[in-house]
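Visitor: I'd like a close look at one small part of this structure, and then a walk outwards from there. Could you keep it plain and simple for a first-year student?

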Amino acid sequence: MRQMRISLGMMATVNRAVSLMTLHNPELFTGEESGLRLLMLKIYARFEVQLLKVFWFTFQSPLAKINVTRKLMYLALAKFMAEHAIAGNYMTLDEVVDFINKLPEGNSAFAVGPCRCRLAIGHRVSCPHPLETDIVIASGTPIWLALFPKDYRVIPKDEAIHIIKDGYEKGLAPGVFRHMYYKGSTNYFAICNCCKEACLPIIGYRVFKPEKMKFIPGPSRAVVDPELCQGCGACVKVCPFEERVLVGGRSHTINCQGCGLCAFNCPQKAITMVKRAL
Ligand code: SF4
Ligand code: SF4
């Protein structure tokens, strides 16, 4: 236990050092063209699946169930990962399509390959979702194509949109991921189509809920009309973040992350996505 606390303490110190260096030299780590950032992204891409497996086993371990050790894990690593290193931003289907339409098409702008989370743990959680849903964009595309030429293929923008629409109908939440996100830096590298069962960022979000783990807030949040809600629970079932609950036979929103899956799946059209005050 003492050794673990020392290692977690060391990791927290490294995280703080990176944050301080970033504050003083923002372009060093956060610039779209920063060589250091791109090198870090390459290293992440190379070991991503292995890293996700480590996360999975850590989330399953007793350490994630004990308040003190879970909090240490969060402060030492998960907070930095989620808020900066690999920062997710969940959106509704319309919002993500709009986002993609604004990206330059170019040569080899988009590529698709197997979802890294489903590759890492899909078989352990009986994930029923399609595998080829990991869409790399911007600085991610050349890196993932170069490292995994047999797994990733270049696709046109239309096909990227088609994959996301198909996934959305199957209950997958589209999340735009940024690398080394600080003070509004873009650094987009992937659009993931995340599920409740196997998506490690979402599993991590649920594990670290007591620590109030955050993604970049989605542009919209869900609002329920209690007059229309019939309490069927379909929205509760589809929310991958487990941020919906039935109270007194009506659905309530807790801390909406903005994916819009509940609104899409409500048979009564009782849920509206409204713009979030940011
Ligand atoms: S899916 Fe719609 S009707 Fe069913 S509980 Fe949710 S808000 Fe109510
Ligand atoms: S409450 Fe609805 S929109 Fe918000 S995160 Fe859950 S499913 Fe997505």
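Visitor: Let's start with Ala138: is this residue buried or exposed, and how many C-beta neighbours does it have inside 10 Å?

Guide: Happy to. Keep in mind that you're looking at a predicted model. Ala138 has 20 C-beta neighbours inside 10 Å, so it counts as buried. That fits the cut-off, since a residue is called buried if 20 or more other C-beta atoms lie within 10 Å of its own. You'll find Ala138 in the loop between strand 3 and helix 7, which covers residues 140-147.

There's something else to spot at this residue. Most residues other than glycine have a negative phi. Ala138 isn't a glycine, yet its phi is positive, near 45°. Asn187 is another case, with a positive phi of about 55° although it is not a glycine either. Asn187 sits in the loop between strand 5 and strand 6, and it counts as buried because it has 23 other C-beta atoms within 10 Å.

Now step back from Ala138 into strand 3, residues 134-136, where you'll meet Ile135. With 28 other C-beta atoms within 10 Å, Ile135 is buried. Who is it touching? Setting aside neighbours within four places in sequence, Ile135 makes contact with Phe110, Val112, Ala160, Ile163, Ala190 and Ile191. Take Ile191: it is 56 residues away from Ile135 in sequence, but their C-alpha atoms are 5.2 Å apart in space. That kind of link fits a wider pattern in the protein chain: of the contacts between residues at least 6 apart in sequence, 72% join residues at least 24 apart.

Ile191 is a handy stepping stone, as it belongs to strand 6 and stands opposite Val176. Val176 takes us to strand 5, which pairs with strand 6 (residues 188-194) in the antiparallel sense, over six bridges. Strand 5 also has strand 1 (residues 86-90) as a partner, again antiparallel, this time over five bridges. In that pairing, Ile86 is the residue opposite His179 of strand 5.

How enclosed is strand 5? Seven of its seven residues, 173-179, are buried, so the rest of the structure largely encloses it. Its side chains split between two directions: Ala173, Gly175, Phe177 and His179 point one way, while Pro174, Val176 and Arg178 point the other, and all of them are buried.

Two more of the contacts of Ile135, Ala160 and Ile163, lead us to helix 8. Both are among the buried residues of this helix, along with Ile164, Gly167 and Tyr168. These buried residues span an arc of only 135° around the axis, which means they lie on the same side of helix 8. Turn to the other side and you find Asp158, His162 and Glu169, which are exposed. So how far does the helix reach? Helix 8 runs over residues 157-169, and its 13 residues stretch 19 Å from first C-alpha to last, close to the 18 Å expected at 1.5 Å a residue. After helix 8 comes Gly171, with a positive phi near 95°.

Helix 5, residues 93-102, tells a similar two-sided story. Its buried residues are Leu93, Glu95, Val96 and Ile100. They take up an arc of only 165° around the axis, so they share one side of helix 5. On the other side, Asp94, Asp98, Asn101 and Lys102 are exposed. The cover over the buried residues includes some elements we've just visited, namely helix 8, strand 5 and strand 6, as well as strand 7 (220-224) and helix 11 (261-265).

Finally, zoom out to the full picture. The protein chain holds eleven helices and ten strands, and 40% of its 278 residues are buried. There are ligands to look for too. Around ligand 1 you'll count 13 residues, the closest being Cys229, Cys232, Cys235, Ser251 and Cys266. That shell has eight nonpolar residues, five polar ones and no charged ones. Ligand 2 has 14 residues around it, with Cys239, Cys256, Gln257, Cys259 and Cys262 nearest. The shell of ligand 2 breaks down into eight nonpolar, four polar and two charged residues.

Terms used. Residues are numbered from 1 along each chain as its sequence is written. Chains are lettered from A and ligands numbered from 1 in the order in which they are written. This is a predicted model: local features need pLDDT of at least 70, side-chain atom pairs count only at pLDDT 80 or more; totals for chains, interfaces and linings use all residues. A residue is near a molecule or strand if its C-beta atom, placed from the backbone, lies within 6 Å of it. Ala, Val, Leu, Ile, Met, Phe, Trp, Tyr, Cys and Pro count as nonpolar, Asp, Glu, Lys and Arg as charged, and the others, Gly among them, as polar. Helices (H or I, at least four residues) and strands (E, at least two) are DSSP runs, numbered from the N terminus. A residue is buried if 20 or more other C-beta atoms lie within 10 Å of its own, exposed if 12 or fewer, and partly exposed in between; C-beta atoms are placed from the backbone. Two residues are in contact if their C-beta atoms, placed from the backbone, lie within 7 Å. Two strands pair if DSSP finds at least two bridges between them. The expected span of a helix is 1.5 Å times one less than its number of residues. The arc is that of the directions from the helix axis to the C-beta atoms.
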